[in-house]
Amino acid sequence: MFWSLLADAVVIVHLAFVAFVVLGGLGVRWWPRLAWIHLPAAAWGVAIEWSGAICPLTPLENWLRARAGARGYGGDFIERYVVALLYPAGLTRTGQIALGVAVLVLNVAAYAWIWRGRRQSKAGPRGV
């Protein structure tokens, strides 16, 4: 039970990290210092997808599941729904590259939006 709970916790952390990689750039709008954490995280996410490597959280989860005596995923909520988001069936190498491009484009757009908004706010009101 203990090892299974730890494995579930790793899946939740993994999902939170993926969400942060994808959407963290939007948070920089309100918390600019978040960029110091988000930019390396986003670079890691893109690099993992593009290289085809495995995130270290995946083997950790598998090791914890093995310690729990589990061979595969059971039927609980986390394993059925959350794990499917992280490890979709049929994900191909092309799909991984597309996901990396999507993360990169989304974050470049978010940072451009933030940078543009800051430049406009420093310029002051226009047409005065």
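How many helices and how many strands make up the secondary structure of the protein chain? The legends below begin with that overview and then move in for close-ups.

**Figure 1. The whole chain, a predicted model with 5 helices and 0 strands.**
Welcome to the structure, which is a predicted model. Its secondary structure comes to 5 helices, with 0 strands. Followed from the N terminus, the elements read α-α-α-α-α. The protein chain has 128 residues, and 29% of them are buried.

**Figure 2. A network of salt bridges links Asp8, Glu61 and Arg65.**
Side chains of opposite charge can pair when their charged atoms come close. In this model there are 2 salt bridges, and Arg65 takes part in both the pairing with Asp8 and the pairing with Glu61. Together, Asp8, Glu61 and Arg65 form a linked network.

**Figure 3. Close-up of the salt bridge between Arg65 and Asp8.**
Here the closest N and O atoms of Arg65 and Asp8 are 2.9 Å apart. Arg65 belongs to helix 3 (residues 57–67) and Asp8 to helix 1, so this pair ties together parts that are 57 residues apart in sequence. Is Arg65 buried or exposed, and what about Asp8? Arg65 and Asp8 are both buried.

**Figure 4. Close-up of the salt bridge between Glu61 and Arg65.**
This pairing stays inside one element: Glu61 and Arg65 both lie in helix 3. They are 4 residues apart, which is about one turn of the helix. Their side chains meet with an N to O distance of 2.9 Å. Glu61 is buried, as is Arg65.

**Figure 5. The largest pocket, with about 630 Å³ of space.**
A total of 24 residues line this pocket. To find its centre, look for His14, Val18, Glu49, Leu86 and Leu99, the lining residues closest to that point. Which helices each supply at least two residues of the lining? They are helix 1, helix 2 (35–51), helix 4 (77–86) and helix 5. Helix 1 gives the most, with 6 residues. By kind, the lining holds 19 nonpolar, 4 polar and 1 charged residue.

**Figure 6. A nonpolar patch on the surface, about 690 Å² in area.**
Six names are worth finding in this view: Leu23, Leu26, Trp30, Trp31, Leu106 and Trp113 make the patch. Helix 1 (2–27) and helix 5 (93–123) each supply at least two of the patch residues. Take Leu23 as an example: its place is in helix 1. Why does Leu23 count as partly exposed? Its relative accessible area is 47%, and partly exposed residues fall between the 20% limit for buried and the 50% limit for exposed, so Leu23 belongs in that middle class.

**Figure 7. Ser4 and Arg67, 63 residues apart in sequence.**
Ser4 has its place in helix 1. In space, the C-alpha atoms of Ser4 and Arg67 are 8.0 Å apart. Ser4 has a relative accessibility of 23% and counts as partly exposed.

**Figure 8. Val22 and Gly45, 23 residues apart along the chain.**
Val22 is another residue of helix 1. Between the C-alpha atoms of Val22 and Gly45 the separation is 8.5 Å. With a relative accessible area of 27%, Val22 is partly exposed.

How values were computed
Residues numbered from 1 in each chain as written. Predicted model: local features only at pLDDT ≥ 70, side-chain atom pairs only at ≥ 80, totals over all residues. Heavy atoms only, no water. Patch = residues over 30% accessible without salt bridge, like charges linked within 9 Å, V, L, I, M, F, W, Y side chains within 5 Å. Areas by Shrake-Rupley, 256 points an atom, 1.4 Å probe, with all protein chains shown as cover. Salt bridge = Lys/Arg side-chain N within 4 Å of Asp/Glu carboxyl O. Buried < 20%, exposed > 50% of the residue type's maximum accessible area, 1.4 Å probe, protein only. 1 Å grid on protein atoms, 1.4 Å probe; cavity = no way out; pocket = protein on both sides within 12 Å on 5 of 7 lines; lining within 4 Å. Points joined across faces, edges and corners; volume = space filled by probe spheres on them. Nonpolar A, V, L, I, M, F, W, Y, C, P; charged D, E, K, R; others polar.
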